[in-house]
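Here are my notes on the model, set out as numbered points. Please read them with the structure open.

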Amino acid sequence: VSYQMSYSTSKNKRILIGATGIMVVLLFWTLLSRSFHTLILPSPLESIEAIKGLWSSGELTKNLLITLTRTFVGFSMAIIIGSVLALLFKSSEFWQHFFRPLITIIQTTPPVIWLALAVIWFGIADNLTPIFLIFIVTFPVIFINIFSGLDNVNFQLIEMARVYRCSKSKIILNIYLPSLIPHLVSAMSIGLAFAWKSTIFAEFIGSSSGIGFALSMANSNLQTEKLFGWALVLILLMLIFEYGILQPIKAYVTRWEYHEQ
């Protein structure tokens, strides 16, 4: 009970401090915008009006759904394939040494190079180019976190479970998952930020739809208020994902680990 009360107080304090920080930024932005033309720096109110215009025209909903779908597909592929490969490679020293340099190459190659290759391979493709970039950027993050998390798995317990002929599903649910969930949550938190940025980047250069493409059009047409409007939408979405989804999951995992101990 005391742990829950302490966590609740700490959470409220963090929310208050975070909200104060946002208000300070908005105030500074408002004051600064008075010294510049709208074309250079629109005010927060002008940016919000731009968002209202995007909403009423249907452009906001259309591009938002496209971008979210691509992010979900590419990121889900990275989670599934990265987790499966980490599990497979952990059981074989040969494959660990064989693929580790390849993973390092993928991780250290700048996203702009992968994007250029995707445009060459797929063209200005509505879905293939963004999904490919999301996958190739976030896959190493998932793989490395899961691979590291496997070090915490009690393999003696797994051998014992096999001796007693426990099913594979029980071994996965009761031995692997409790050890891997904290690492998976951490990987998702880091990977989602990479995935979101990769989607926008790919759409900006290599797609003809989505929020990134809308940003490109606003930039080309010198519609700075729309540019800032889309930026606010992106920031809001990331805040929702981080504090509305990932942080509660992290908190649940932390409490679960605390009770387990």
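**Notes on the predicted model**

1. In this predicted model, the largest nonpolar core holds 20 residues, and Phe75, Phe139, Ile142 and Phe143 have the most contacts inside it. Helices α3, α6 (128-149) and α8 each contribute at least two residues to this core. The largest share comes from α6, with 8 residues.

2. Phe75 is a useful place to look at this core. With neighbours within four places in sequence left aside, Phe75 is in contact with Ile134, Thr138, Ile142, Met188, Gly191, Leu192 and Ala195. Ile142, one of these partners, is also among the residues with the most contacts inside the core.

3. There is also a second, separate core, made of 12 residues, which include Leu54, Ile211, Val233 and Leu234. Ile211 is one of the buried residues of α9. The others listed as buried in that helix are Gly212, Ala214, Leu215, Ser216 and Ala218.

4. For the overall fold, the chain has 10 helices and 0 strands, so that the order of elements from the N terminus reads α-α-α-α-α-α-α-α-α-α. Of the contacts with a separation of 6 or more, 72% are between residues 24 or more positions apart. Buried residues account for 35% of the 261 residues.

5. Which pairs make the salt bridges? The count is 2. One joins Glu203 and Arg70 through their side chains, at 2.8 Å from N to O. Glu203 belongs to helix α8 (residues 168-206) and Arg70 to helix α3 (residues 59-90), so this pair ties together parts that lie 133 residues apart in sequence. Both Glu203 and Arg70 are buried.

6. The other salt bridge is between Lys52 and Glu49, whose closest N and O atoms are 3.5 Å apart. Both residues sit in helix α2 (residues 44-57), with a spacing of 3 residues, or about one turn of the helix. Glu49 has a relative accessible area of 48%, and therefore counts as partly exposed.

7. On the surface, the accessible area of the chain is about 15,800 Å², and carbon and sulfur atoms make up 69% of that. Phe72, Val73, Met77, Ile80, Ile81, Val84 and Leu88 form a nonpolar surface patch of about 620 Å². Ile81, a member of the patch, is found in helix α3. Its relative accessible area is 34%, so Ile81 is partly exposed.

8. One backbone angle should be checked by eye. Leu222 is not a glycine, yet its phi is positive, at about 55°. Where does Leu222 lie? Leu222 is in the loop between α9 (211-220) and α10 (224-260). Is Leu222 buried or exposed? Its relative accessibility is 57%, so Leu222 counts as exposed. The buried residues of α9, among them Leu215 and Ala218, thus come before a loop residue with positive phi, since α9 is followed by Leu222.

How values were computed:
Residues are numbered from 1 along each chain as its sequence is written. This is a predicted model: local features need pLDDT of at least 70, side-chain atom pairs count only at pLDDT 80 or more; totals for chains, interfaces and linings use all residues. Side-chain values use heavy atoms; hydrogens and water are left out. Helices (H or I, at least four residues) and strands (E, at least two) are DSSP runs, numbered from the N terminus. Buried means under 20% relative accessible area, exposed over 50%, partly exposed in between (1.4 Å probe, protein chains only). A salt bridge is a side-chain nitrogen of Lys or Arg within 4 Å of a carboxyl oxygen of Asp or Glu. Contact means heavy atoms within 4.5 Å. Accessible areas come from the Shrake-Rupley method with a 1.4 Å probe; for residues, only the protein chains shown count as cover. Patches are made of residues with over 30% relative accessible area and no salt bridge: like charges are joined within 9 Å, nonpolar side chains (Val, Leu, Ile, Met, Phe, Trp, Tyr) within 5 Å. A nonpolar core is a set of buried Ala, Val, Leu, Ile, Met, Phe, Trp, Tyr and Cys residues joined through side-chain atoms within 4.5 Å.
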